[in-house]
Amino acid sequence: FRKFAKGNNCFDRSVILSLAFVSVVSVLFFNLVIASVVSLLFADSYSEVVEISRIIALGYILYGVGDFFNKFVASRGAGASLRNTSMIVGVSVLAMFFLTIKWHGVYSVCYAILSGGFIFSLLSVYNCFVIVKKENDIK
C-alpha cells in the first residue's frame, strides 16, 4: 500500500488487475456459498435472504473498490474531496431508499446500498483522476 499511496498513479495496471481479481473472486465465492449457509442455518422462510444478501454483497464490493481509490485520495490530503464524496453518497443512499421503498419494500435497502457503492466508486475514481492530472500538470 505504501508504494501505491506514494506513487504518482493510482491506476497501475497490476494493482487494478489485483483489485478486480479479488473483487470478482469474492463475489463469486459469496454467491456460491450463501444459499447453502442460509439453508443450513435457517428455516425455508428465510430463503429471501439469499437474494437480498447477493445484492448487498455486490454493493459492498463496490464500496470496497471505492475505498481502495479513496485511500489514494486520502494519502494526498484531499480532505475536501473525501468530505464531498461522503456527503454525496449519503444523500444519494437516503434518496434512493426513500424514492424506492413504496415499490420495492425491503429491496429498497439493497438497491440503495448498491447504488451508494456504485456512486462511491465512481466518485473515488474521479477524485483519483483529478489528483493524478493535477500532480502531472505540476511536474
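**Figure 1. Thr 100, a buried residue in a predicted model.** Thr 100 has a relative accessible area of 13%, and because buried means under 20%, this threonine counts as buried. Its home is helix H4, which covers residues 79-104. If we set aside the neighbours within four places in sequence, Thr 100 is in contact with Gly 105 and Ser 108.

**Figure 2. Leu 41, an exposed residue of helix H2.** Here we turn to a leucine with the opposite label. Leu 41 sits in helix H2 and reaches 58% relative accessibility. Exposed means over 50%, so Leu 41 counts as exposed.

**Figure 3. A nonpolar patch on the surface.** Leu 41 has company here: Val 37, Leu 40, Phe 42, Tyr 46 and Val 49 join it in a nonpolar surface patch of about 590 Å². Which helix gives the largest share of the patch? That is helix H2 (residues 13-41), with three residues.

**Figure 4. The whole chain, for orientation.** Stepping back, you can follow five helices and zero strands, in the order α-α-α-α-α from the N terminus on. Along the principal axes, the C-alpha atoms fill a box of roughly 60 × 35 × 15 Å. The chain has 139 residues, of which 28% count as buried. Among contacts with a separation of 6 or more, 77% are between residues 24 or more positions apart.

**Figure 5. Surface and charges of the chain.** About 9000 Å² of the chain is exposed, and carbon and sulfur atoms supply 70% of that area. The chain carries 12 positive and 7 negative charges, and the mean positions of the two groups are 13 Å apart.

Note on methods. Residues numbered from 1 in each chain as written. Predicted model: local features only at pLDDT ≥ 70, side-chain atom pairs only at ≥ 80, totals over all residues. Heavy atoms only, no water. Helix = DSSP H or I, 4+ residues; strand = E, 2+ residues; numbered from the N terminus. Buried < 20%, exposed > 50% of the residue type's maximum accessible area, 1.4 Å probe, protein only. Contact = heavy atoms within 4.5 Å. Patch = residues over 30% accessible without salt bridge, like charges linked within 9 Å, V, L, I, M, F, W, Y side chains within 5 Å. Areas by Shrake-Rupley, 256 points an atom, 1.4 Å probe, with all protein chains shown as cover. Salt bridge = Lys/Arg side-chain N within 4 Å of Asp/Glu carboxyl O. Lys, Arg positive; Asp, Glu negative; His and termini not counted. Charge placed at Lys NZ, Arg CZ, Asp CG, Glu CD.
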